[in-house]
Amino acid sequence: KASDINSVLSYLNKNRTTPSVTYSGVAKGKNVFVIHLESLQQFIIDFKWDNQEVTPVLNKLYHNQNTLSFDNFFNQVGQGKTADAEMMLENSLFGLPEGSAMVSDGTSNTFQAAPAILDQHGYTTAAFHGDVPSFWNRDNTYKSWGYDYYFSKSYFSSGKNYDVGYGLKDKIFLKDSAQYIEQLPQPFYAKLITVTNHYPYTLDKANQSISQTDTGDDTVDGYVQTARYLDQAIGEFLDWLKASGLDKNSMLVLYGDHYGISGNHKKAVAKLLNKSTFNDFDNAQFQKVPFMIYMPGLKGGINHTYGGEIDVLPTLLNLLGIKNNNTVQFGSDLLAPNRNQTVAFRNGDFVTPDYTKVGSSYYLTKTGEKLGKLTAAQKTAIDAASNRVTTELSLSDRVINGDLLRFYTPSGFKKVDKKDFSYKLSTA
Ligand code: GP9
Ligand code: MN
């Protein structure tokens with residue numbers, strides 16, 4: 001009911017983080033590229049196999065002085081996987097405890113998503129993905145989010161061996177997307193969702209440029225090959241960006257959406273990482289994914305703050321100089337000096353710079369030491385983090401399950417009308 005939004009707002013208003021002043025507005029008016037790196041995990045950055053870097057392009061970007069890189073950035077998805085990542089990134093709302101919110105609520109709910117916000121600040125907005133438009137109910141959800149354009153499968157080249165797994169191969173996908181991007185009125189916000197580095201990590205011989213790993217686990221060993229392919233595809237895209245001149249007035253945001261190698265492959269992962277064991281604590285830390293923001297002139301460096309996908313939208317809005325103080329968002333600016341660094345996982349587990357919770361076990365985040373009986377100070381800190389996590393997850397669920405944003409429109413925001421959008425390829 002309508003009044004439910006009040007408890008959400010009163011919690012958020014009490015807990016709002018003041019965004020970074022240093023970074024506020026530094027990307028004002030720039031084009032924004034959001035590049036979704038399918039199943040890419042942080043461990044692959046600077047990782048070597050067969051005496052080679054697996055992802056040389058991304059590594060170079062990661063260490064670039066104009067890139068803000070994050071080495072404690074976690075994926076926070078649940079069953080909705082990619083869809084949960086998209087929901088968090090563009091709405092700063094969590095996915096649901098079960099299923100995918102894009103599927104169950106994407107069509108009918110009211111949202112105040114990144115594309116709609118940016119559209120109302122003069123941006124053209126477009127999403128690109130080389131799979132069928134209906135996957136994860138994107139074709140309906142993107143209308144609710146206010147995307148002007150959605151380029152999906154039928155907009156791209158097709159041919160023998162063009163597809164692998166869930167859609168068009170990344171190199172072809174990004175190359176084709178570039179032609180559309182060149183025609184977008186500026187400034188634009190373009191989201192590109194890659195897919196080749198997706199389980200089961202299969203790739204045709206001609207595109208393999210590094211050997212498989214040798215853990216003996218079939219679901220793990222192809223990962224470096226598809227990750228390498230994704231890296232090369234990004235490299236080609238960056239080359240185009242430079243040649244087009246667009247690099248000069250654009251900000252690039254890259255993120256890994258979720259783990260590629262699940263906790264069921266402990267033995268193989270231990271071997272891959274050269275460790276003797278791989279326990280629940282290690283698996284929690286293994287949920288780190290890349291998050292990088294690149295822009296010419298940006299004051300970069302490797303930032304160690306603990307955060308995750310829920311925090312991306314507030315971070316981007318601050319960089320773009322867009323006022324964001326009356327919105328329903330559960331994350332906080334990753335560049336804010338005094339932010340709370342509790343990272344919630346969808347199942348209620350969490351990581352903070354001090355403590356990691358997995359099920360009923362607690363660990364010291366710095367050392368991985370498992371805690372027995374908690375000291376009074378530990379208990380206080382852990383209870384506070386637990387409360388925060390349960391409160392935020394359940395409030396976010398109430399927003400989605402109750403479609404509560406229909407009862408509240410932040411000042412300066414215009415409600416999205418889905419009827420304004422159609423993503424059909426015109427055949428006339
Ligand atoms: C499909 C793709 C994969 O379109 O985005 O989604 P995932 O299986 O990673 O959730
Ligand atoms: Mn995914």
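A polar side-chain atom of His129 lies 2.6 Å from an oxygen atom of ligand 1. The model is predicted. Taken alone, ligand 1 exposes 310 Å², and the protein buries 96% of that. The briefing below covers the ligand surroundings, the annotated positions, Asn75 and helix 1.

**Ligand 1**

- Around ligand 1 sit Glu38, Lys81, Thr82, His129, Asp131, Phe135, Trp136, Arg138, Tyr166, Val195, His198 and His258.
- His198 places a polar side-chain atom 2.7 Å from an oxygen atom of ligand 1.
- Arg138 has an N or O atom in its side chain 2.8 Å from an oxygen atom of ligand 1.

**Annotated positions**

- UniProt, in an unreviewed entry, gives the feature "binding site" at Glu38, Thr82, Asp257 and His258.
- These positions span 221 residues in sequence, yet no two of their C-alpha atoms are more than 8.0 Å apart, so they gather at one spot.
- The "active site" feature, also from an unreviewed UniProt entry, lists Thr82.
- Glu38, Thr82 and His258 are among the residues around ligand 1.

**Thr82**

- Thr82 lies in helix 3, which covers residues 81-91.
- Its relative accessible area is 6%, so Thr82 is buried.
- Beyond residues up to four places away in sequence, Thr82 touches His36, Glu38, Trp136, Arg138, Asp257 and His258.
- Of these partners, Trp136 and Arg138 are also listed around ligand 1.

**Asp257**

- The loop between strand 11 (250-256) and helix 10 (266-272) holds Asp257.
- Asp257 is buried, at 0% relative accessible area.
- Setting aside neighbours within four places in sequence, Asp257 is in contact with His36, Leu37, Glu38, Ser39, Leu40, Asn75, Val77, Thr82, Ala85 and Glu309.

**His258**

- His258 lies in the loop between strand 11 and helix 10.
- With 2% relative accessibility, His258 counts as buried.
- The side chains of His258 and Glu38 are joined by a polar contact of 3.2 Å.
- Outside four places in sequence, His258 is in contact with Glu38, Ser39, Leu40, Gln41, Asn75, Val77, Lys81, Thr82 and Val289.

**Asn75**

- Asn75 has its place in the loop between strand 5 (73-74) and helix 3 (81-91).
- Asn75 is buried, with a relative accessible area of 3%.
- The backbone nitrogen of Val77 is reached by the Asn75 side chain at 3.3 Å.
- Not counting neighbours within four places in sequence, Asn75 is in contact with Asp257, His258, Tyr259, Gln287, Val289, Glu309 and Phe345.
- Asn75 thus links to two annotated positions: Asp257 is in contact with Asn75, and His258 is in contact with Asn75.

**Helix 1**

- Helix 1 (residues 4-14) has Ile5, Val8, Leu9, Tyr11 and Leu12 as its buried residues.
- These residues cover an arc of only 160° around the axis, which puts them on the same side of helix 1.
- Helix 13 (376-401) is included in what covers the buried residues of helix 1.

Notes:
Residues are numbered from 1 along each chain as its sequence is written. Chains are lettered from A and ligands numbered from 1 in the order in which they are written. This is a predicted model: local features need pLDDT of at least 70, side-chain atom pairs count only at pLDDT 80 or more; totals for chains, interfaces and linings use all residues. Side-chain values use heavy atoms; hydrogens and water are left out. UniProt positions are given in the numbering used here, feature names are shortened, and annotations may be inferred rather than shown by experiment. Helices (H or I, at least four residues) and strands (E, at least two) are DSSP runs, numbered from the N terminus. Buried means under 20% relative accessible area, exposed over 50%, partly exposed in between (1.4 Å probe, protein chains only). Contact means heavy atoms within 4.5 Å. A polar contact is a pair of N or O atoms within 3.5 Å; within protein, one must be able to donate a hydrogen and the other to accept it, and residues adjacent in sequence count only if both atoms are side-chain atoms. The arc is that of the directions from the helix axis to the C-beta atoms. A residue is near a molecule or strand if one of its heavy atoms lies within 4 Å of it. Accessible areas come from the Shrake-Rupley method with a 1.4 Å probe; for residues, only the protein chains shown count as cover.
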